[in-house]
Amino acid sequence: MLMGFMVLFFLGSSFKWEIRFWFMMIFSFMSLKFLKIDLSGMNEYLFFFDKMSSILILLSFWTSGLMMLSSYKSVKMVDNKVSLFSFCVMILCLVIVIFFMMENLLMFYLFFEISLIPTLMLILSWGYQPERMQAGMYMMLYTVSASLPLLLCLLLLSYYQGTYVMSVISYMIMDKMNLFWVMGLLLAFLVKLPIYFFHLWLPKAHVEAPISGSMILASVLLKLGGYGIMRIVSVLKFLGNSSMIMLIVICLWGSMLTSIICVGQSDMKSLIAYSSVGHMGVMLAGIMSGFVVGWEGAMLMMVCHGLCSSGLFCVGNLIYEKINSRSLLLCGGMINYNPMMSLLVFLLCICNMGAPPFVNLISEIMLYISMYMYSFFLMFFVLIMVFLGGLYNLIFYVSVDHGHIMKFMKVMTVNKESENLLLLLHIIPLLMFIFNIGYISKIVF
C-alpha cells in the first residue's frame with residue numbers, strides 16, 4: 001500500500017486524476033480482502049490495526065476515490081489545478097489511514113491534527129463563496145483550541161505511566177479519573193465529531209467547502225472523532241464515570257434539537273450537515289452506554305453515515321451545478337425531467353432515515369436497544385428522533401422531486417453516466433453490507 005502511494009506521489013505529475021481514482025478503488029478492494037481481522041488485533045512494525053480501524057481504513061480509501069470522481073465543474077471542467085487537487089486528496093487520505101493505524105498516543109495526536117491542513121487547503125483553494133475564509137478560520141479555531149487539553153492530558157498520562165503505547169498503558173484508578181480528565185481527553189474528539197454545543201463550525205465548513213471537501217468531512221473526518229473516543233475509552237475504561245450520564249443526555253438532547261433545525265432548513269447542504277450532527281449524537285450515546293450492542297451499532301452507524309451523507313452531498317452538488325442554487329424553495333419537479341436521479345435521491349433519503357433494505361436500519365436499531373438498556377427514559381428522545389428523521393428526509397425528497405417545474409429549469413439535461421456512477425457507488429455498498437453485517441459490527445474492546 002505504501003509503495004503504491006509513493007508511486008502516485010512521485011510519478012503523479014504526469015498521471016491523470018483517473019489513474020489516481022483507480023488506484024484508490026484498488027486499495028479499497030485490497031483492504032476489504034486483507035484487513036479482515038478476526039482476532040483482537042494485529043501489530044505490524046510501528047502500526048496496529050484491529051476490527052475498529054480496518055473498516056474505517058476501507059471507508060477512507062473508498063471515499064477518497066469517490067472524491068476524485070465527484071468534482072466535475074469546480075475542478076475538472078475548468079481545469080482548476082486538477083493535479084494539485086488530486087494530490088491534496090491523496091495526502092489527506094494517507095494522513096487519515098496512518099492515523100487509524102497508530103498505537104503511539106503522541107503520533108495518534110499528531111496525525112489527528114495534521115489532517116486539518118489538507119482539509120483547509122481544499123476549503124480555501126476550491127471553495128465556492130468568499131465566506132470560505134471565515135469557514136476555514138472557524139474550523140481551525142474550534143478544533144485546534146479543543147485539542148490542546150488533549151495534548152496536555154496525553155503528556156501527563158505518559159508521565160504517570162512511563163509509555164505512550166496504548167496496549168501497554170494500564171488504565172488509571174477510577175477515583176482519579178475526574179471530570180477534568182474526562183473533558184480534557186474527550187473534548188477534541190467531541191468537537192471533531194461534533195456534538196451539540198461544539199457544532200457551529202460544521203455547517204459553515206460544509207456550506208463553503210467544495211463537494212470533495214464536504215464528502216471527506218462527512219464521510220471520514222467526522223469519524224476521526226468517533227474513532228478517537230472509542231480508542232481512548234477502550235484504553236482507559238472510564239465508562240462507569242458519573243459524567244457519562246451528563247454526556248449521554250447532552251448528545252440526545254442535541255440530536256433532537258438539530259433534527260428540529262433540519263426540518264426548517266431551506267439550504268440543502270445545511271440540512272445534510274445538521275442531520276450529520278444528529279446522527280453523530282446518537283452514535284456517541286451508543287458508545288457511552290457501555291453495552292456491546294451500542295459499540296457495534298456505533299461502528300455500523302459510522303460506516304453507514306459516511307456513505308449515505310457523502311452521497312447526499314453529491315446530490316446537493318449535482319443540483320447546484322444544474323440550477324446554480326442550493327435552495328429547496330427553487331427546485332422541484334425533478335421526477336419529470338430526470339427520473340433516474342430522482343430514484344437515486346429517493347434511495348439516499350430513505351437510507352438516511354434508516355429504512356429497509358439499507359444497513360442503516362440495523363445500526364439504528366442496535367443503538368436504540370443500547371439506549372433502552374441504559375435507561376427506559378431515553379426512549380422519549382428515540383421516538384422523537386425517529387419521527388423527525390423521517391420528516392426532514394421526506395421534506396428534502398418532496399421538495400426536490402415533486403411539485404411544479406420552474407421556468408428556468410426547462411432547459412435541464414439528464415445526468416451523465418459518471419454522475420449516475422458516483423451516486424450508485426454510494427448506494428451499492430449500503431445495500432451489499434446488509435448481507436454481511438458482521439464484517440463491520442463485530443469489534444473487540
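**Helix α18 and its surroundings**

Colleague: Which helices are included in what covers the buried residues of α18?

Modeller: This is a predicted model, in which local features need pLDDT of at least 70 and side-chain atom pairs count only at pLDDT 80 or more, while totals for chains, interfaces and linings use all residues. Residues are numbered from 1 along each chain as its sequence is written, and side-chain values use heavy atoms, with hydrogens and water left out. Helices are DSSP runs (H or I, at least four residues) numbered from the N terminus, and contact means heavy atoms within 4.5 Å. The cover of the buried residues of α18 includes α12 (243–263), α13, α14 (292–323), α15 (334–337), α16 and α17 (360–374).

Colleague: How far does α18 reach from its first C-alpha to its last?

Modeller: Helix α18 spans residues 379–401, which makes 23 residues. The expected span, 1.5 Å times one less than the number of residues, is 33 Å here, and the model comes close to that. From first C-alpha to last, α18 reaches 33 Å.

Colleague: Is S275 buried or exposed?

Modeller: S275 sits in helix α13, which covers residues 268–289. Buried means under 20% relative accessible area, exposed over 50%, and partly exposed in between (1.4 Å probe, protein chains only). Because its relative accessibility is 2%, S275 counts as buried.

Colleague: Which residues does S275 touch, not counting those up to four places away in sequence?

Modeller: One partner belongs to α18, where Y392 is among the buried residues, as are N393 and F396. With residues up to four places away in sequence left out, S275 touches C262, N352 and Y392.

Colleague: What phi does G403 take?

Modeller: G403 comes just after α18. Its phi is positive, at about 95°.

How values were computed: Helices (H or I, at least four residues) and strands (E, at least two) are DSSP runs, numbered from the N terminus.
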